[in-house]
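Let's take a friendly walk through this protein chain, from its overall contacts down to its ring pairs. Have the structure open beside you as you read.

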Amino acid sequence: MTVREVLRDRGAATYLGGILVSGFGDSAMLLVAGVWVKTLTGSSSLAAAVTCCVWLPTLLGPLLGTVADRVRRRRLLIGVDAALALLLPVLLAVRSGRDVWLLLLVLTAVGAGSVLCDAAEAALVVTAVPARLRGDFNGLRMTVNEAMKLLAPLAGAGLFLRWGGGAVALLDAATFVLAALAFTALPLREEPPAPATGGWREQTAQGVRALRGDPLLLRLVGAGAVAMLLSGISSAAVYALADTGLHRPPAFVGVLYAVQGAGSIVAGILAGAVMRRVPERAFAAGGLLLFTAGAAVRAVPSLPVVLAGTLAVGVGLPWVIVAAFTAVQQRTEPALVGRVAAAAGTVVFAPTAVAAALGAVLVALVDYRLQLVAVGAGGAAAAWFLLLRRPSAPPEPAPAAGDAARTAAAPGRTG
């Protein structure tokens with residue numbers, strides 16, 4: 001039950017391959033899109049709108065999760081990846097500032113596709129990955145995503161400088177094609193979804209009720225939301241930290257993000273092993289404390305201390321997110337996983353935009369060191385609340401129909 005075992009499992013390894021290639025293209029495109037808009041228009045506000053467009057569909061998470069639960073998840077992933085691969089080359093038509101609306105529209109579609117795919121992927125993990133490997137798998141997924149955030153922007157920037165934004169759009173389209181092929185090769189036979197009960201509104205509400213009805217799951221997802229809120233506030237102070245605290249140029253922020261990314265890669269590799277040894281709440285609370293303590297010590301104007309704190313941020317923050325979404329997969333009825341995962345995603349990631357705005361205001365009004373210390377205090381309070389009382393657990397979700405057949409269809413799978 002190790003990382004090596006996950007990589008030996010044919011279904012898990014194929015699945016990670018699809019995530020790796022699509023994550024590479026998306027990371028490259030997201031960086032380049034803001035630079036592209038700024039280059040064409042000279043507007044920093046329009047460049048910032050790129051991030052807004054990508055994250056905006058998160059607010060529709062519960063509804064998009066319902067879509068993921070109404071169809072075969074693998075077919076949905078293949079279809080969405082293929083559709084986005086066909087859509088992205090449209091950006092070759094973006095030539096001037098007048099065409100930026102097209103870029104923003106396509107990025108909104110990519111954001112919606114990402115939310116839909118995340119919901120379908122969370123549900124498909126329940127089918128494709130044995131339960132005992134899901135903690136390791138989710139940790140490795142986090143490692144893959146963070147590694148792509150370190151490598152892909154360099155490739156995207158190089159392509160943009162040499163051939164322009166259209167080349168990066170084609171790269172992203174190609175990675176969606178490769179992801180679709182990887183999901184096509186998954187060694188599983190997926191059962192059709194259960195018959196729908198009620199209309200779309202009722203089906204969407206079922207996912208929200210399932211999340212609210214599990215006290216432990218709700219608390220873990222709430223911890224993820226607090227972590228993302230505090231992360232946004234902490235990140236807003238990073239330029240003041242580099243300038244006022246360390247007397248370094250703005251470009252030094254890239255070094256801090258690289259150290260944080262390295263910590264996240266380590267966190268993903270260790271996540272499964274740690275989760276098997278401590279309760280879910282303790283794992284999430286430990287990650288929350290490690291992340292926020294790391295943020296707080298960055299108030300000390302010392303390079304070694306700041307680097308150590310940044311590494312702690314990189315390790316601790318992913319653990320909170322991995323704990324929340326692994327719990328969704330383990331504690332939710334299989335027919336509802338897409339809806340519950342999407343609802344959890346909305347709760348966890350929607351505060352990101354609010355946090356960025358709040359952090360920017362705080363940087364203008366107070367010393368950045370107070371901001372970082374406040375993050376540390378907020379994290380300690382949230383971790384205490386998470387550990388305060390043992391929530392009652394709902395009944396274990398029943399295995400999805402056809403689990404035995406699916407396991408037989410994947411001879412490389414253990415467990």
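Residues 24 or more positions apart account for 84% of the contacts with a separation of 6 or more in the protein chain. The model is a predicted one, and its secondary structure consists of 18 helices and 0 strands. Of the 415 residues in the chain, 52% count as buried. The accessible surface comes to about 17,600 Å², and carbon and sulfur atoms make up 70% of that area.

Now for the interior. The largest nonpolar core has 56 residues, and Tyr15, Met29, Leu91, Leu103, Leu107 and Phe137 have the most contacts inside it. At least two residues of this core come from each of α2 (10–41), α3 (44–55), α4 (61–69), α5 (73–87), α6 (100–128), α7 (134–163) and α8 (165–184). Helix α6 gives the largest share, 14 residues. If you would like a residue to click on, try leucine 103: leaving aside residues up to four places away in sequence, leucine 103 touches Met29, Ala33, Trp36, Val37, Leu91 and Val94. A second core, separate from this one, has 47 residues, among them Ala267, Ala284, Val322 and Leu386.

How many aromatic pairs does the count come to? The count is 2, and here they are side by side:

| Aromatic pair | Arrangement | Centre to centre | Angle between planes |
|---|---|---|---|
| Phenylalanine 283 and tryptophan 319 | tilted | 5.2 Å | 35° |
| Phenylalanine 325 and phenylalanine 349 | stacked | 6.1 Å | 10° |

The tilted pair links distant parts of the chain, with phenylalanine 283 in helix α13 (residues 280–297) and tryptophan 319 in helix α14 (residues 303–331), 36 residues apart. Both phenylalanine 283 and tryptophan 319 are buried.

In the stacked pair, phenylalanine 325 lies in helix α14 and phenylalanine 349 in helix α15 (residues 337–349), so this pair ties together parts 24 residues apart in sequence. Are its two rings buried or partly exposed? Phenylalanine 325 has a relative accessibility of 18% and therefore counts as buried, since the cut-off for buried is under 20%. Phenylalanine 349, with a relative accessible area of 24%, is partly exposed.

One more ring deserves a look. The charged end of arginine 219 sits over the ring of phenylalanine 385, at 4.8 Å from the ring's centre.

How values were computed: Residues are numbered from 1 along each chain as its sequence is written. This is a predicted model: local features need pLDDT of at least 70, side-chain atom pairs count only at pLDDT 80 or more; totals for chains, interfaces and linings use all residues. Side-chain values use heavy atoms; hydrogens and water are left out. Rings of Phe, Tyr and Trp (its six-membered ring) pair if their centres lie within 6.5 Å; planes under 30 degrees apart count as stacked, over 60 as edge-to-face and the rest as tilted. Helices (H or I, at least four residues) and strands (E, at least two) are DSSP runs, numbered from the N terminus. Buried means under 20% relative accessible area, exposed over 50%, partly exposed in between (1.4 Å probe, protein chains only). A charge sits over a ring if NZ of Lys or CZ of Arg is within 6 Å of the ring centre and within 35 degrees of the ring normal. A nonpolar core is a set of buried Ala, Val, Leu, Ile, Met, Phe, Trp, Tyr and Cys residues joined through side-chain atoms within 4.5 Å. Contact means heavy atoms within 4.5 Å. Accessible areas come from the Shrake-Rupley method with a 1.4 Å probe; for residues, only the protein chains shown count as cover.
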